Structures are given as structure tokens and as C-alpha cells.
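Me: I would like to learn how to read a structure. Could we go through one together?

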Amino acid sequence: MKWDIGDIINFDAYPIHDAPFAKKSAQKLNETGVLLLPQFIQPPVIASLVNDAEQAQNLAYFTNSTHNVYLTPPDDNLPADHVYNRQITSSKGCITTDQVPAASALHQIYHDALFQQFICDVVGQDAIYPYADPLSSINVHYAFEGQELGWHFDNSSFAITLLLQAPEEGGVFEYVKDVRDADKGEMNFAAVGDVLDGKTPVETLTMTPGTLVLFRGRNAMHRVTPTIGNRPRFLVVLAYNDAPDIALSEQARMTFFGRLG
Ligand SMILES: O=C(O)CCC(=O)C(=O)O
Ligand SMILES: [Fe+2]
């Protein structure tokens, strides 16, 4: 089914084309590192996206490998138990853009000019672009019972997510702001170690299905706790690039999707 964008986005609650609203949203993101927009997508659309996600769940790729919080290869010059080399488990899986049905509202949202302009206004960029490869722009993430996304920093300066289905328990997004300063190359091993050891209080984001989240995860350490119960967590990541015609790196595609195209 092809939707009208006016039936997809909750424009009554979120006048994203309205300059003062966009400005207020940008301020919120800049001041707090996160912009949470509950009920951004209308319930019938979410119901249809949950149905699509269930249909495609057998296609999801689950990586078995571990990673450090910086999502970089280990450094053999440092001890194996050094914070830089501490290995973290992420067990969730995902499907890729080409596995999202062509008629899905996700493609419409992702490519919608008003939506893209709102994202630009909020993150303070002149333009954003889809990834050049057929995998990386829209991903649907699956976390079944016991599956999680371990502590990490994002490489990208901002991330956009849309929760489709929350588990009965668990699946909580936890974060600690300003743990490192990526642009200054400050990795802050002590603070990262404290978060990994559970010594630092964390903040949590409460998302309900339909909530759109913009998150600055480059310096904020974050994770999603294991799903508890039979209902899996389904979450969409909408990813854009700062420049046109750029694919996600081959290494990242192999890690996240298990293939290149
Ligand atoms: O699942 C989420 O809510 C966050 C996902 C995330 O942090 C990521 O994909 O980097
Ligand atoms: Fe992340």
C-alpha cells in the first residue's frame, strides 16, 4: 500500500515544516544531545511496519563477532584487558534497505523532502544524502529474547531511529553523555572503563512505538539492554551521509550485514 505522507507523519503534533518548531527542536538536540518525538509516526503505519518486520525477520543477519566501544580493531600494543581492547558483545541482527519492501512507508519517510529538510534544520547541515550502496540507508534491527546492543560510540555525528515494537521488558536505551571527545582524539579510557564496570549512573530514553529519536552518539556512550520476554524489539535506523555517492565502508558492511551488496 502506498501511503500519503500526511497519513504517515503526525503533522498535527509535529509541524516539521514550521521554522520555529524546527529551531526549537535543534535547540533541544544541541542542549541535551537527544531529541525524542513520541507518536511521530501514525499508529496504522507502525502496525503495517511491524507486520513487514515480522515477515522479513528470517532474512536478518546476526553477527557473532564482538567489538570494542570505539568500534575499531584491537591494538596489539595494549594489554588485552585494556579499555581500548575490551570486547563487548552485540547479538542483535538487522535487515538492509534492499530487504525493506518497495511499498514500505519507510522508503517514503526516508526520501521525503520535508522530512529531510527537517533533519537538516535540526542537525545544522545544509544537506544530507542516502548511502550509495543498496544496504546501509534504512535498516530494521531485531533483538529477540536475550539479544542486545553492547556499549559503543557511533562513528556518525547523529543517528535517527524509529521504534516499531518494544519488548515486554528490557530493550532499554541507556546512555552517558560526553564520555569522550572524538574530534580532539580524547578517548577518555578511565571514564569509559567506569561505564563498562557499571560505576557511572546512566540516563535512559523511554521510547514507545512510533517514537522518532535523533541522538548524538559520537561522544555519548550508549547501549540497548537485552530483550526480556517473547516479544522482540524492532527498531528502524535511518542513516544519511554528509556527502553524495558515498557507500558505507566494506569493512562495516561485512560486519553489520555479512555482505557487500
Ligand atoms: O537500538 C537503538 O535504539 C540504538 C541503535 C544504535 O545505537 C546504533 O545502531 O548505533
Ligand atoms: Fe549507536
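Me: Which residue follows α5, and what is the sign of its phi?

Reply: Gly-124 follows α5, and its phi is positive, near 75°. Helices (H or I, at least four residues) and strands (E, at least two) are DSSP runs, numbered from the N terminus. The model is predicted: local features need pLDDT of at least 70, side-chain atom pairs count only at pLDDT 80 or more, and totals for chains, interfaces and linings use all residues. Residues are numbered from 1 along each chain as its sequence is written, and chains are lettered from A and ligands numbered from 1 in the order in which they are written.

Me: Which residues of helix α5 are buried?

Reply: An α-helix has 3.6 residues a turn, so residues three or four places apart point the same way. In α5 (residues 113-123), Phe-115, Phe-118, Ile-119, Val-122 and Val-123 are buried. They lie on the same side of α5, because they cover an arc of only 115° around the axis; the arc is that of the directions from the helix axis to the C-beta atoms. Ala-113 and Leu-114 are exposed on the face turned away from the buried side. Buried means 20 or more other C-beta atoms within 10 Å of a residue's own, exposed 12 or fewer, partly exposed in between, with C-beta atoms placed from the backbone.

Me: In what order do the strands of the open sheet run?

Reply: Strands of a sheet pair through backbone hydrogen bonds, either parallel or antiparallel. Here 7 strands follow the order β1-β12-β8-β15-β6-β5-β2, with antiparallel pairing; two strands pair if DSSP finds at least two bridges between them. β1 and β2 (61-62) stand at the edges with a single partner strand each, so one side of each has no neighbour in the sheet. β8 and β15 pair over 5 bridges, and Gln-165 has Phe-234 in β15 as its bridge partner.
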